[in-house]
Amino acid sequence: MPRKSILNSTRRAITSVFDHLDYKRLESVYCYEGGDEFWRKKREPCRRLGTKVAEVLVRKLSHSGRSLYVGAGVTELPALLAEVIELQRQVAPYNLRRSEVTVLNRACRSLPVKFRAQDASLASGLFDHLWIVSVLNDPERFPHLAPLSYGNADPVTFDPHQFEQQRRVVRSIVDRVMPKLSLPGLVTTSTEEVIWIADWCHRKNIPYRVEREQFPTALVGDPVCFIKIGGLETNNRKPKGTKV
Ligand SMILES: C[S@@+](CC[C@H](N)C(=O)[O-])C[C@H]1O[C@@H](n2cnc3c(N)ncnc32)[C@H](O)[C@@H]1O
């Protein structure tokens, strides 16, 4: 029977990595100003909530598989560490922010977790788990698309042309990373990004099931959930309110 909780040694490793992060350097990665206060407030919730997600995730994954993390930052540390320590899985975390990758790799240097400052679509081979959280709805990268994802678009200033361009970029990220998932597989994503994964499954005629349970996160604050992809007898089940 799978354990209910993660090991104390995993918790200690997570705490140790959080203790070794260079928060000063992370200030400008996460904030234009007020980075000092941001990390004072967010560091502990990030570790605590991330550990809860990690606890659920390790119960869903098998030993010694592979996970691709698209856009992995501090938020993803507990899940990454739990995967390698509890399940001896291989993890491939990608993040385009070079300075954050340097900080993360320094904090993880004694562990088999190596972040790459590259596009995740360059990852080779197949993975039975794909994590993509707060990437496809990132307001910094997709300022004309994110307001629609969050349901706060302004009809007066909304620019359909820019939106259309950004939607094309988002779809192309999904189209490049989703084929790396072996089926049946698991996707961890935010509730705002579920529609992009669902859209891909519909276009490829692959059944999927969005699990109901959602888990809060501390940094971006998008709740995360799990989607089972392929290997299901039922046909596509759209999440409530999804118009894809
Ligand atoms: C808003 S941040 C979210 C970080 C983290 N997932 C979290 O929830 O706190 C988006 C991250 O996705 C990364 N990203 C965007 N597109 C990517 C890609 N194609 N490959 C790897 N990383 C990507 C960015 O570099 C950035 O670090």
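These are my notebook entries on the ligand site, an enclosed cavity and two backbone details in a predicted model.

**Entry 1: around the ligand**

I began with the ligand and asked which residues surround it. I found 16 residues around the ligand, and the closest are Gly71, Thr75, Glu76, Asn95 and Val133. I then sorted this shell by class: six residues are nonpolar, five are polar and five are charged. I also looked up the space that the ligand takes, and this space is the largest pocket.

**Entry 2: polar contacts of the ligand**

Next I went through some polar contacts one by one. Asn95, already on my list of closest residues, uses its side chain: an N or O atom there is 2.8 Å from an oxygen atom of the ligand. For Val133 I noted a backbone contact instead, with an N or O atom 2.9 Å from a nitrogen atom of the ligand. Ala120 also takes part through its backbone, where a polar atom lies 2.9 Å from a nitrogen atom of the ligand.

How much of the ligand's accessible area does the protein cover? On its own the ligand has 600 Å² of accessible area, and the protein covers 94% of that.

**Entry 3: the cavity**

I then turned to cavities. How many cavities of 30 Å³ or more does the structure hold? I found one. The volume of the largest cavity is about 60 Å³.

I wrote down the lining of the largest cavity:
- Cys46, Leu49, Gly50 and Val53 are among the lining residues.
- Thr75 and Trp131 also line this cavity.
- Pro216, Thr217, Ala218 and Val224 complete the list.

Which element gives the largest share of this lining? Helix α3, residues 35-60, does so with four residues. By class, I noted seven nonpolar residues, three polar ones and no charged ones in the lining. A nice detail for me was Thr75, which is one of the closest residues to the ligand and also lines the largest cavity.

**Entry 4: two backbone details**

Last, I checked the backbone. Leu183 and Pro184 are joined by a cis peptide bond, with omega about -5 degrees. I located Pro184 in strand β4, which covers residues 181-190.

Where is Ser64? I found Ser64 in the loop between α3 and β1 (66-70). Ser64 has a positive phi of about 55 degrees, although this residue is not a glycine.

Note on methods. Residues are numbered from 1 along each chain as its sequence is written. This is a predicted model: local features need pLDDT of at least 70, side-chain atom pairs count only at pLDDT 80 or more; totals for chains, interfaces and linings use all residues. Side-chain values use heavy atoms; hydrogens and water are left out. A residue is near a molecule or strand if one of its heavy atoms lies within 4 Å of it. A polar contact is a pair of N or O atoms within 3.5 Å; within protein, one must be able to donate a hydrogen and the other to accept it, and residues adjacent in sequence count only if both atoms are side-chain atoms. Accessible areas come from the Shrake-Rupley method with a 1.4 Å probe; for residues, only the protein chains shown count as cover. On a 1 Å grid over the protein atoms alone, a cavity is a set of points where a 1.4 Å probe fits but cannot get out, and a pocket is an open set with protein on both sides within 12 Å along at least five of seven lines; lining residues have an atom within 4 Å of a point. A molecule sits in a cavity or pocket if more than half of its atoms lie within 2 Å of its grid points. Ala, Val, Leu, Ile, Met, Phe, Trp, Tyr, Cys and Pro count as nonpolar, Asp, Glu, Lys and Arg as charged, and the others, Gly among them, as polar. Grid points are joined across faces, edges and corners, and a volume is the space filled by probe spheres set on the points. Helices (H or I, at least four residues) and strands (E, at least two) are DSSP runs, numbered from the N terminus.
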